[in-house]
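Q: I am new to protein structures and would like to learn how to read their features one at a time. Could we go through one together?

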Amino acid sequence: MKIGHKLTLGFMGLTLLIAAIGYVALSASRDILEKTFGESSAVLAAQTLDRIQNNILNRIETIQAYSKDELAKEYISQSNSQFELLPDPDGYIEQIENDWDCLGNELTPFMTQLSANKLAGELKSKRDFYNNKYGYPLFAEIFITNRFGANIAQTNKTNDYYQADELWWQQARDNGRFVSDIDYDISSDTFSTAIAVRIDNSNGDFSGVIKAVLNIRETVDIIDQAKAASEYKTLLLHLINNDGKILYSTSGFDFFQDANSALFPDWQSLGLPGRKCFVTSRKAGEKEILYAHAHTKSTGQFDGQGWVLLTGTETAEIFAPIAELKRTLLLAGLSIMSLALLAGTVIYRSITVPIAQLRKATIQVSQGNLDTNLTSTSTDEIGQLAGSFQKMAQQLKKTIADLNAEIAVRKKAETGLCESEGQLRTILENVQTGIFIIDPETHTIVDANSVAEKLVGIPLNQLVGSVCHKYICTAEKGRCPITDLNQIVDNSERKLLTGGGEECPIIKTVTTIAFKGKKHLLESFVDISERKKAEQAMEKLNKDLETTIAELSRSNRQLQDFVHIAAHDLKTPVRGIGTLADWIINDYGDWFDEQGREQIRLLKTRVLRIDKLIDGMLQFSKIARNRPKEHHVDLNGLMKTVIGKIKPAENIEIAADSLPPINCQREHAELLFESIISNAVTFMDKPKGLIKVGCLEQGDFWKFYIQDNGPGIEQKHFERIFKIFQTLPGKDTPQTAGVGLAVARKIVEIYGGKIWVESQPGTGSIFFFTFSKKWEEPVYADAKAYSAY
Amino acid sequence: MQTLRPILLIEDDSVDAMTVKRAMRELHVTNSIMHSVNGEEALAYLNDPVNEKPFVILLDLNMPKMSGIEFLKVVKVNADLKMIPIIVLTTSKEKKDVVDSFELGAAGYMIKPVDYAKFVEVISTVMVYWGSSELPREEVLMINNKR
């Protein structure tokens, strides 16, 4: 059931529970109140009755006291004596009685005398005394009879003269006293009760009776007082006699009405042992009344009249407080219930409204609309739930978007896949590589492309299902390099077994491929038999080449060594010749004629030339001898050394700009610059020689230049001068060995540069050479390049 | 002054030897010049206790049987001989030869000029220097010799 119902039920339940408790409490308190009230009413009734009784007793005692009066006694004994003397007292009495009756209101002198005698006078004064005292005739009538029952004194005319036939007279005579029920006394015209007391003479013998008619006003007063004293307005007191007749009631009843019918039927049972002293009763059409009752108690001397005093109070009044309480409770209950309802409603709403919102949102989500905006202002659990729900919806949205994106991607991938499968098949069949697809567990061929088929020379239907060992692969079963030996076959040379049993060299790569959902091996291979052949041929060639190179190197070395040794060996005799020539001139020059001396001089020059040539050869050969290592050369310092070595004549100035450092062997750099500059010095033909050395930057190269204002060179010689042993001047003019520029060129070309000359015959020449800024592995060209032959 | 002690010239080329001697003559060097044509002969001479130890050795490098370098090696480990200053007198300009010579303890390295006049200058320089240099006395040498 719904929360609202639950809440309502809950609250209602609670309220009902409270109501029930309240009701039970009310009932209980009502019962208690009833009992209490009933009992207190009974007590009240008893008290009232007591007071009535006491009152009456009082009066009885008054009368009793009076009965002891001397005068009364005297009169009574007198009367008694008189009567005793009569022959027929009864007849006497009877006669008077008849008279009494017949005469009605008339008073005979006898009668008057009865009420006028001294005793009567006392009686009257007594009566008046009380009359004055209380303001009303307390005793309506008092008279005394003798023991025969005849009136002897009376306050007023009684109805009868003879009283001995009256019950009261007899009762008084027998019991000592008598109190009658309340009755209407005709003589005194009052509601009264008769009190008769027996008079005894001094011997204790019955002598007469005194009767007083007590106005029950006192009783009534007492009853009225009781009522007045009560705070209950509806309290009614009813005095009921032995016969069930109402003697007096504080209201609403006729005298002597039957209590059974006037009040309620069972009143007499009240107060009996075993029964409660109160009861509630309702007469049809009338209000409910609680009756409490008291019986007259019998005192020692006095049995009591047997009266019952009933109190009756409207239960409505008794339970008015209860009713009040009930009303209050009801009101409170109602207000609590309404408050509860209100609270319940508030709670209900605070729960159900957000829940309804949440539910709406969930419905939205279930319909696929994730754009909920569930804002909750409260921070209670439901608010948190809403917040979490919101997050969840957002996350769902995101996840769905991601999923959708992924699905789109997947779809695309799928179509791509289909496409690529088709492409794959096309590729497989058209590629120039042979392809096998092999099941790694069973080593059976699952698929092969046409190139593979052709290479192996076995048709596809035979290939598929066959085991690859010893069929297409040289490996033994159990020694498969991939599955057993865990090798990686990647571009490795293997052998393919053809159908004819031949081994075909191939380059094979094996990778894994997922084929039909399972891992397979993809073998791709290329026939390299042609390549192999070429490789072998190449190897042979290489070997030959190496051999040749070794031989060449060896002979090259030998040659260089030869040149070196030869040069050295040549130098000595050359020097010897020169020395001897000197000595001849020195020692025997005088013996020669001019021609002889000239010849010796020519001899010496030739010797010098040989020496220079040999030096040049040595230099040239030396360049290739040692393996140059990279060396940073400071050209500025080097220039100083070179100029120092060359020692130009005073008229020749060698000016060097600031030169950058270069990477080469120092000897080479020295030789290079020295060669060119010494040439310039040697051939200087101007009186003031100027040789300028400088450098220009040309990208990755330095372009050095050595400029002189010498004789210059004709263009047709530009190439030749760089060849070995080529000199331009004739053999007799100062000359060089002819190796300088060849050496320079060799050095420049070792370092990957170029050398050339620009010249104006007569003006001068500029020699240019380039040098790489970076280190370059030196290149040795063959000697033929430097030779002119 | 080392006027008494000879100069040992180890040179295989006759003309070169003649050149040295002639140069010494022109320089008026009075010390006797002992000439060996190769390293072996020179060693034999040096090791012969009869012979006077030279005050300086002029050594050529390119020689048959035992090259100058080999001679250097042998002499410079010889306690008797290693203190004699050896000037290498050669045609070779090879840096390697220079390095090797000095590594082996040569006291100098002179390149024989082709021109005689220059040659004389070189010899003059050597003589002037080594002639005035203090050298270990023979007594010291003799003490170290175990005779």
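**Reading the features of a predicted model**

A: Let us begin with a charge placed over a ring: in this predicted model, the charged end of A:Lys773 sits over the ring of A:Trp702, at 4.7 Å from the ring's centre. A second case is A:Lys703, which lies over the face of A:Phe768, 5.1 Å from the ring centre.

Q: How many aromatic pairs does the structure hold over all chains?

A: Counted over all chains, there are 15 aromatic pairs. To read one of them, look at the distance between the ring centres and then at the angle between the planes, where an angle over 60 degrees counts as edge-to-face. For A:Phe129 and A:Tyr130 the centres are 5.0 Å apart and the planes stand at 70°, so this pair is edge-to-face. These residues also belong to one aromatic cluster, formed by A:Phe129, A:Tyr130 and A:Tyr134.

Q: Are A:Phe129 and A:Tyr130 buried or exposed?

A: Here a cut-off is needed, since buried means under 20% relative accessible area and exposed means over 50%, with partly exposed in between. A:Phe129 has a relative accessible area of 47%, so it is partly exposed, whereas A:Tyr130, at 12%, counts as buried.

Q: Which parts of the chain does the pair of A:Phe722 and A:Phe767 link?

A: This pair is edge-to-face, with 6.2 Å from centre to centre and 80° between the planes. It links distant parts of the chain, 45 residues apart: A:Phe722 is in the loop between strand E21 (701-708) and helix H18 (740-750) of chain A, while A:Phe767 is in strand E23 (residues 764-772) of chain A. Both A:Phe722 and A:Phe767 are buried.

Q: Which residues touch the most other members of the largest nonpolar core?

A: That core has 47 residues, and those touching the most other members are A:Phe673, A:Ile676, A:Ile677, A:Phe704 and A:Phe769. Helix H17 (residues 666-682) of chain A gives the most to this core, with 8 residues. If we take A:Phe769 and leave aside its neighbours within four places in sequence, its contacts include A:Phe673, A:Ile676, A:Trp702, A:Lys703 and A:Phe704. There is also a second, separate core of 43 residues, and A:Ile52, A:Ile56, A:Tyr130 and A:Val197 are among them.

Q: What is A:Asn55 in contact with, leaving aside its neighbours within four places in sequence?

A: A:Asn55 is found in helix H1 (residues 3-67) of chain A, and at 10% relative accessibility A:Asn55 counts as buried. With those neighbours set aside, A:Asn55 is in contact with A:Asp50, A:Glu218, A:Thr219 and A:Ile222.

Q: Which residue in the loop between strand E12 (434-438) and strand E13 (445-448) of chain A should I look at for its backbone angle?

A: The general idea is that most residues other than glycine have a negative phi. A:His443, which has its place in that loop, has a positive phi of about 55° although it is not a glycine. In chain B, phi of B:His28 is near 60°, again a positive value in a residue other than glycine, and B:His28 is in the loop between helix H1 (14-26) and strand E2 (33-36) of chain B. As for their surroundings, A:His443 is buried, with a relative accessible area of 10%, while B:His28 counts as exposed at 67% relative accessibility.

Q: How many helices and strands are there in chain A?

A: Chain A has 18 helices and 23 strands, and 41% of its 789 residues count as buried. Chain A exposes about 43,800 Å², of which carbon and sulfur atoms supply 56%.

Methods
Residues numbered from 1 in each chain as written. Chains lettered and ligands numbered in written order. Predicted model: local features only at pLDDT ≥ 70, side-chain atom pairs only at ≥ 80, totals over all residues. Heavy atoms only, no water. Helix = DSSP H or I, 4+ residues; strand = E, 2+ residues; numbered from the N terminus. Buried < 20%, exposed > 50% of the residue type's maximum accessible area, 1.4 Å probe, protein only. Core = buried A, V, L, I, M, F, W, Y, C linked by side-chain atoms within 4.5 Å. Contact = heavy atoms within 4.5 Å. Phe/Tyr/Trp six-rings, centres within 6.5 Å; stacked < 30°, edge-to-face > 60°. Lys NZ or Arg CZ within 6 Å of the ring centre and 35° of its normal. Areas by Shrake-Rupley, 256 points an atom, 1.4 Å probe, with all protein chains shown as cover.
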